[in-house]
Amino acid sequence: WGLLLLAVALALGGMAAARCPAPCVCDNLRAHVLCLNGNLTAIPSTIPQLTKKLDLWGNSFTVIPVGAFLATPYLTHLDLQRCKVERLEEGAFRGLGRLVYLNLASNSIALLYQESLDGLFSLQQLILEGNRIEEIQPGAFGHLGSLTVLDLRANALVYLPDMVFQGLQVLRWLRLSHNALHVLSSEAFTALPALRRLSLDHNELQALPSEALARLDGATQLDLGHNPITYVPEEALAMASLKHLFLDHAALQDVAPNAFARSPQLRMLDLRENQLRGLPPLAGVRGLARVSLAGNPLLCSCLLRPFHNWLVRARVQVEGACAAPPALRGRPLDSLRPTEMRCGRPRLRPSPAAPSEQPRAAGSGQCPQGCACSPDFRHGSCENRNLREIPQGFPGDTRLLDLRRNAFGTVPRGAFPGLKELVSLHLQSCSIGVLRPGALQGLESLVYLYLTNNRLSTLAATAFEGAPRLAYLDLDRNAFTRLPTGAFQLLPNLMSLHLQHNAIEELAEGDLSGAGGLRWLYLAGNAIGHIAPTALAPAKMLEKLHLEGNRLVEVPTAALRGLPALSELKLSQNPIKHVGDSAFLPVASSLQHLYLDNMGLEQIAPGAFAGLGPKIRSLYLESNKMSNIPDMSNFTGLEILNLRDVPFHCDCQLLPLRRWIDKLNLRVGATCGSPAEARGLKVKLSTTFQTCPDWGRGKAEGASPDKTKAASKLSKKKRSGKSPARGFKKSRA
């Protein structure tokens, strides 16, 4: 016992003796160092050696160099969120053999090198959410033998190669949601024997990646929701342990009777919000307990009777209601009697043929020289072959064609003959400067077109002629100085338009003519300084409008009129100094997410948020210059409120905000910028409000004397230069 006490004393003495680097806060008792929301550009070299938890949230490192943490070998938790990290050098984390938690979320990392994560053999959780990762080099995770959770959500992954997760022998949850995945190699998930949960929702998978998923014998939960999957074929899922399957919000039109026969443990099947008019009895799923069909256009005729009878026999709970015939509209499926499900008009439309049943087009066994064609997945690829002309002769049933990273320069008229079934076309980084009229002629099934990172500066009105089903158009990183007027007239189904990081200077009247079905418009990183009042009027169904990183000097209030469905508005990083009264009133009935951060905003008028209320779920105001904000007490539905790096003047005028923050169960990050005695303190902990005439009323309404006393002590410590030893998790809020 004596030796143990001596070791503890030496450890605490080492932490106490080490100098705490400015502007950090050191909790010696917990071996925890916090350097939050500072201006650090390099990892501090004077962090105490015995530190176990290091929180560097909100700094500006750009690069994590080799051996950046060699001086802190006892770290177990490292937080590098929102640090503007672009690159992890090979060997950046060497020496951190005790680290169990690493958070690199919300940075700008684009590539994981083979040795980027070398040395982290004890790591259990790795958070890489919200970066720009497009590629993972084989072996990048090879040294993470203890990892149980890998979070890669909200990156830019489009493809998973074979063995990409090799080495993750004990991984239990792999999170790949909100990427752009459309191709998974057959061996992508090989060597994941302990995986129990796989999240692939919100990607661009057009078919179930059956072969890749078959490698996951132990997985119990699979999330494939929000993918454009239209059909689940026979024996599509061979996952012996699967219990929970999510296929909600996809584009399903039909499910084969034996689709899940090779997943005998399945207990819950979520098929909400698809296009299913009916289902057959499902074979081979004797343990199935629940099926959710809510939000499907179910036709409760005699053709649905076999499925209904099966539900009763198998004692499967069902969620969903009839959409037709009119006499049964709105009736829950589980309330129907077989005699009510009669045949007659309208009749159930035949389901689309399964891919295996569709006739193969002439020449389906061919493939252009130098390219690769997969008949099973109906994919063709000539990526990075230095081609000067677009190859022809792909199988007629090709659905995905990947021609990225070539040097075509021009896409001529009729460049893709015989590809009537093509759904997704990838032409990123092909030096394309001209898209000839009729270039897409004959692509009648095309839904996705990617033209990112090319040299396009204009488009003819007939550029998209022949592709009427086009819904997702990506023109990011080209050379447009204005929207290609007239080009959307032939695209009645356009839903998502990306024109980020071009050189667009204004949005003029008529720019979006024909885009009546547009729901998502991404215009970040342009030079937009003016939006005409009627510029957005054609897009009456618009839900998301991203305008961050432009040159707007005021909220485009007039242009927001006529957008009754707008739920997300991003104005971050625009030089808007003042937000006037009723700035968001035209979209007040629908707006849920509002981004006003990093603008140098100096003043928000008292009535700026007029009309906004319980529907607002997230509000971002961080990194601005105003000293006060309007009353937001009616924002009762808030889930996220970010007020970090705002220099609030903590006087009696701010008391209503202080009281409101006290009642919120949210981390808001509000700190005082003045007066001097309160500078740097959290608004909710500042004692300057105690001199206000209404302070006593606030206490009577529920302020805690203990809390006030604690805040006063903390204020004294702050002014004396002493660092409090407890409560750092709360102060991080």
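Q: Before we start, what does buried mean here?
A: Buried means a relative accessible area under 20%, while exposed means over 50% and partly exposed covers the range in between. Keep in mind that this is a predicted model.

Q: OK, so is Arg404 buried or exposed?
A: Arg404 has a relative accessible area of 10%, which is under 20%, and therefore it is classed as buried.

Q: Where does Arg404 lie, and what does it touch?
A: Arg404 lies in the loop between β27 and β28, and, leaving aside residues up to four places away in sequence, Arg404 touches Val158, Cys382, Glu383, Asn384, His426, Gln428 and Cys430.

Q: Glu383 is on that list; which residue does Glu383 form a salt bridge with?
A: Glu383 forms a salt bridge with Arg405, and the closest N and O atoms of this pair are 2.8 Å apart. The two residues come from distant parts of the chain, since Glu383 sits in the loop between β26 (379–381) and β27 (400–402) whereas Arg405 sits in the loop between β27 and β28 (410–411), 22 residues apart.

Q: And how accessible are Glu383 and Arg405?
A: Glu383 is partly exposed at 22% relative accessibility, and Arg405 is also partly exposed, with a relative accessible area of 37%.

Q: Changing topic, how many salt bridges are there in the whole structure?
A: A search of the whole structure gives 17 salt bridges. One of them pairs Glu319 with Arg290, whose closest N and O atoms are 3.5 Å apart.

Q: What does the Glu319 and Arg290 pair tie together?
A: Glu319 belongs to strand β23 (residues 317–319) and Arg290 to strand β21 (residues 290–292), so this salt bridge ties together parts that are 29 residues apart in sequence. Both ends count as partly exposed, Glu319 with a relative accessible area of 32% and Arg290 at 35%.

Q: What about helix α4, which residues pair up there?
A: In helix α4 (residues 655–663), Arg658 and Asp662 are four residues apart, which means that about one helical turn separates them. Arg658 forms a salt bridge with Asp662, with the closest N and O atoms 3.1 Å apart.

Q: Are those two buried or partly exposed?
A: They fall on either side of the 20% cut-off, because Arg658 is buried at 7% relative accessibility, whereas Asp662 is partly exposed with a relative accessible area of 30%.

Q: Which residues do salt bridges that share partners join into one network?
A: Glu129, Asp151, Arg153 and Arg175 are joined into one network by salt bridges with shared partners.

Terms used: Residues are numbered from 1 along each chain as its sequence is written. This is a predicted model: local features need pLDDT of at least 70, side-chain atom pairs count only at pLDDT 80 or more; totals for chains, interfaces and linings use all residues. Side-chain values use heavy atoms; hydrogens and water are left out. A salt bridge is a side-chain nitrogen of Lys or Arg within 4 Å of a carboxyl oxygen of Asp or Glu. Buried means under 20% relative accessible area, exposed over 50%, partly exposed in between (1.4 Å probe, protein chains only). Contact means heavy atoms within 4.5 Å.
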